[in-house]
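The following exercises concern the fold of a single chain and the packing of its helices. Please inspect the structure before reading the solutions.

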Amino acid sequence: MRKTVSGGLRLTPTEWHILEILLRNPGKLIPQRYLLAEVWGSTYVKETHYTP
């Protein structure tokens, strides 16, 4: 299910989850490993090198 934010931008569930984490922590630096664990699960914590 996709959600829509201001301006009609549609986000995937993964994008929405990342946005929620960032919005709950205004002005804070969110560690990459924390995002990996929260969004994709603890098995992905060591998956820190991605190539586009």
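The exercises below refer to this predicted model and proceed from the whole chain to one helix pair.

**Exercise 1.** Determine the secondary structure content of the chain and its order along the sequence.

*Solution.* The chain comprises 2 helices and 2 strands. Read along the sequence, these elements give the pattern β-β-α-α. Of the 52 residues, 13% count as buried. Among contacts between residues at least 6 apart in sequence, 5% join residues at least 24 apart.

**Exercise 2.** Characterise the geometry with which helix 1 and helix 2 pack.

*Solution.* Step 1: helix 1 spans residues 13-24 and helix 2 spans residues 32-40. Step 2: the two pack at an angle of about 130 degrees, and their axes are 10 Å apart. Step 3: this angle makes helix 1 oblique to helix 2, because values over 145 degrees would be required for roughly antiparallel. Step 4: the crossing is right-handed.

**Exercise 3.** Identify the residues through which helix 1 and helix 2 meet, and classify them.

*Solution.* Helix 1 contributes Thr 14, His 17, Ile 18 and Ile 21, while helix 2 contributes Tyr 34, Leu 35, Glu 38, Val 39 and Trp 40. By class, the contact has 6 nonpolar, 2 polar and 1 charged residues.

**Exercise 4.** Establish why the buried residues of helix 2 lie on the same side of the helix.

*Solution.* Step 1: the buried residues are Leu 35, Leu 36 and Val 39. Step 2: they cover an arc of only 100 degrees around the axis, and therefore they share one side of helix 2. Step 3: these buried residues pack against helix 1. Helix 2 is followed by Gly 41, which has a positive phi near 105 degrees.

Key:
Residues numbered from 1 in each chain as written. Predicted model: local features only at pLDDT ≥ 70, side-chain atom pairs only at ≥ 80, totals over all residues. Heavy atoms only, no water. Axes fitted to C-alpha atoms, helices over the stretch in contact; angles between N-to-C directions. Helix = DSSP H or I, 4+ residues; strand = E, 2+ residues; numbered from the N terminus. Parallel < 35°, antiparallel > 145°, perpendicular 65-115°, else oblique. Left-handed = near helix turned anticlockwise from the far one by under 90°. Contact = heavy atoms within 4.5 Å. Nonpolar A, V, L, I, M, F, W, Y, C, P; charged D, E, K, R; others polar. Buried < 20%, exposed > 50% of the residue type's maximum accessible area, 1.4 Å probe, protein only. Arc of directions from axis to C-beta.
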